[in-house]
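Subject: A structure for you to look at

Hi there,

Here is the structure I promised to pass on to you. Please open it and have a look around before you read my notes.

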Amino acid sequence: MVTWSVALDRPPARMPAAELLTGGESGVASGSVPNRAVIVGALALSAKVALSIPRLPDQAPAVAITWLTVISFIVIGLTLMASSLPNISGWACLAVAWATVPGDLNDPHYLDGGLTWIGYVLEPIYLPAALGLVLRYPRSRLTTFQRGIVWSMLVASVGSRIPTALTTGNLPDGFYRPSGFPTIALDPFWHDQVFMRGGRGITVALLLLSGALLTHRAVSAIGLTRQSLAPLAIVTAICAFAASVDQAIWVVADPAFRGIPAALVRDLSAAMIPVALLADLLRRRAAGAQVAERVLVAAGSGDPEALQASLREALVDPSLTVVVAGGSPTADALARHTDLVDSQGRRRGFAQVMGDHDEPLLSVSYNPKAIPDAALFETALKAARYGLDNTRLNAQLRANLEELKRSRTRIVEATLEERRRVERNLHDGAQQQFLSVAALLARVDLVDADEAKHIVTQARSQLQDALAELRRLAQGIHPSALSQGGLGPALHTLREAAPLAMTLTIDPQVLEERPRPAVEAAAYFTAAEALANVVKHASASHCELVVGMDGDRLSIVMRDNGTGGVRIAPGGGLDGLKDRLGALGGTLWVHTDPCAEHPHATGSTLRAIIPPDREAT
């Protein structure tokens, strides 16, 4: 079967917060939800509810939206961990859920506890957390440029809050400053223009850049990439633009803009991010089943054009090209990626599907930007492989059935021809001699005693010749040496009667464990037919017969130093021999090879393998 090597990431036992934001190279999706992830999600929801309850009487709609957002991120995070996608995407969802918690502390209800400064400083951490999740999905890591945006967002949004909280000015900054909170005595310019407006302005710029990047990602995507990432990118872009407007309102610091519901749009669109993730997961599962069925049917038809059209439609890549039984075999029986470049200089992906015996079945060239889903691509290639295998096996089965029919016909015809040969030999040989003896003996009554004695002597000689002819005929049908002594004596008799020099080598194991009669007879007649072919067609001066064991099977090898060119011709003696061996589950090969004694000749080698099924002697 086919196995697809996909490099996905699995989070380590402890996932650092920085790695959750920017993405590392850790781990492969496990397909099960870790217990610690459930605990982390439950704690995030509990903390969110507990810290936002004081705001519930006055801000019930906003609080309900944030609760819904946190629940959605937790649920989809755990769901992602149970899927084939990288586990780090699930952990990133839990990180976003936790990132919404600190902002609830920046509320008048927590002034007495002096915790508002924690909420004020950490409130914007959800921005880089959500951005890191969306930019990474569905991959396991961010690019260098994306990582730079996330880190810049973290430094600008969170880093600017610290000096803003430690200074005072004329512009409102949204910080509920506890009584006695330490401040640094600086000119209000620093608080208003540098820390508050400067920090939030940089955040606005980064949010606009992120929104533009996500919009470009949705517009420029092709194929499955667009189907998979466009909805998520659009929702997140709306959230980024709404968050930039909310931050810009603080920068402008004009009461006339306070009524713009940018924060509400931001929260609602943020709540839609998990929905978009869930929709993509459902799309992947439905697409996998649809792709498998569609490609399997196309591959089973045996039509490469239909298979290519099916893969193009299923993977939404019109540039995808399929070559059946193409490419060169590799050591692994799997599909492998190799970088290619087309005539326009665009990078191409390449996958090759190998069969059970490392034979190439399928080569696919595709646009990697159109196929980001490795799991779906693997499903399509597996379906193509199974379909091609089914087609190949069905064709082999039909060919074997046809060959079986033809071999049965040849065996019946060969049996009939053998009976006719025996009849001709009896009629032209022994029968004629017996008739001659009978006619000779009929003259005894017509001659005197001396001549009768001569006739009897002559008749006795002719009878001996007739008996010798019968023995030769019986030897051709079934040699007595084979019945009485077994394969060894019969082959020695064959060697002694050979009209050319013949070397015979027999494995002692063959003599110790005598095969059953059918196998023994097949081995003998294989050697006899091979010798007859050498004598008639090879023009050889020497041949070698080796009888031994190939594992638990009987092996017969005949080599000669003749002119070569021996082949299994339809209707020939070797063709009939092949049929008889096939009836016993055996096989027959004939090939030519160099000969040391005759460098200008090729020689021939005949090799037969017969299954054992022995009986003890």
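Below is a short tour of what was found in it.

Please keep in mind that this is a predicted model.

Let's begin with a pair of helices. Helix 6 (residues 126-136) packs against helix 7 (residues 144-159) at an angle of about 170 degrees, and their axes are 9 Å apart. Angles over 145 degrees count as roughly antiparallel, so that is how helix 6 and helix 7 run relative to each other. On the helix 6 side, the residues that meet helix 7 are L127, P128, L131, G132 and L135. Their counterparts in helix 7 are Q146, I149, V150, M153, L154 and S157.

Next come the salt bridges. Side chains of opposite charge can pair when their charged atoms come close. The count here is nine salt bridges. One of them joins E123 and R161, with the closest N and O atoms 3.4 Å apart. This pair links distant parts of the chain, 38 residues apart: E123 lies in the loop between helix 5 (116-122) and helix 6, while R161 belongs to helix 8 (residues 161-166). E123 is partly exposed at 29% relative accessible area, whereas R161 is buried at 5%.

Strand 6 (542-550) is a good place to look for two others. R559 in strand 7 (residues 553-560) and E544 in strand 6 are 15 residues apart in the chain, and the closest N and O atoms of their salt bridge are 3.8 Å apart. R607 and D550 also form a salt bridge, at 2.7 Å from N to O. That pair connects strand 9 (residues 604-610), which holds R607, with strand 6, which holds D550, across 57 residues. In addition, salt bridges that share partners join K48, R55 and D104 into one network.

Is R266, in helix 11 (residues 262-300), buried or exposed? R266 is buried, with a relative accessible area of 14%. Leaving out residues up to four places away in sequence, R266 touches Y126, C239, A242, A243 and D246.

On the surface, I184, L186, F189, W190 and V194 make a nonpolar patch of about 450 Å². W190 sits in helix 9 (residues 188-220) and is partly exposed at 41%.

Finally, try finding S539, in the loop between helix 18 (517-538) and strand 6. Most residues other than glycine have a negative phi. S539 has a positive phi, near 55 degrees, and is exposed at 62% relative accessibility.

Enjoy exploring!

Best wishes

How values were computed. Residues numbered from 1 in each chain as written. Predicted model: local features only at pLDDT ≥ 70, side-chain atom pairs only at ≥ 80, totals over all residues. Heavy atoms only, no water. Patch = residues over 30% accessible without salt bridge, like charges linked within 9 Å, V, L, I, M, F, W, Y side chains within 5 Å. Areas by Shrake-Rupley, 256 points an atom, 1.4 Å probe, with all protein chains shown as cover. Salt bridge = Lys/Arg side-chain N within 4 Å of Asp/Glu carboxyl O. Helix = DSSP H or I, 4+ residues; strand = E, 2+ residues; numbered from the N terminus. Buried < 20%, exposed > 50% of the residue type's maximum accessible area, 1.4 Å probe, protein only. Axes fitted to C-alpha atoms, helices over the stretch in contact; angles between N-to-C directions. Parallel < 35°, antiparallel > 145°, perpendicular 65-115°, else oblique. Contact = heavy atoms within 4.5 Å.
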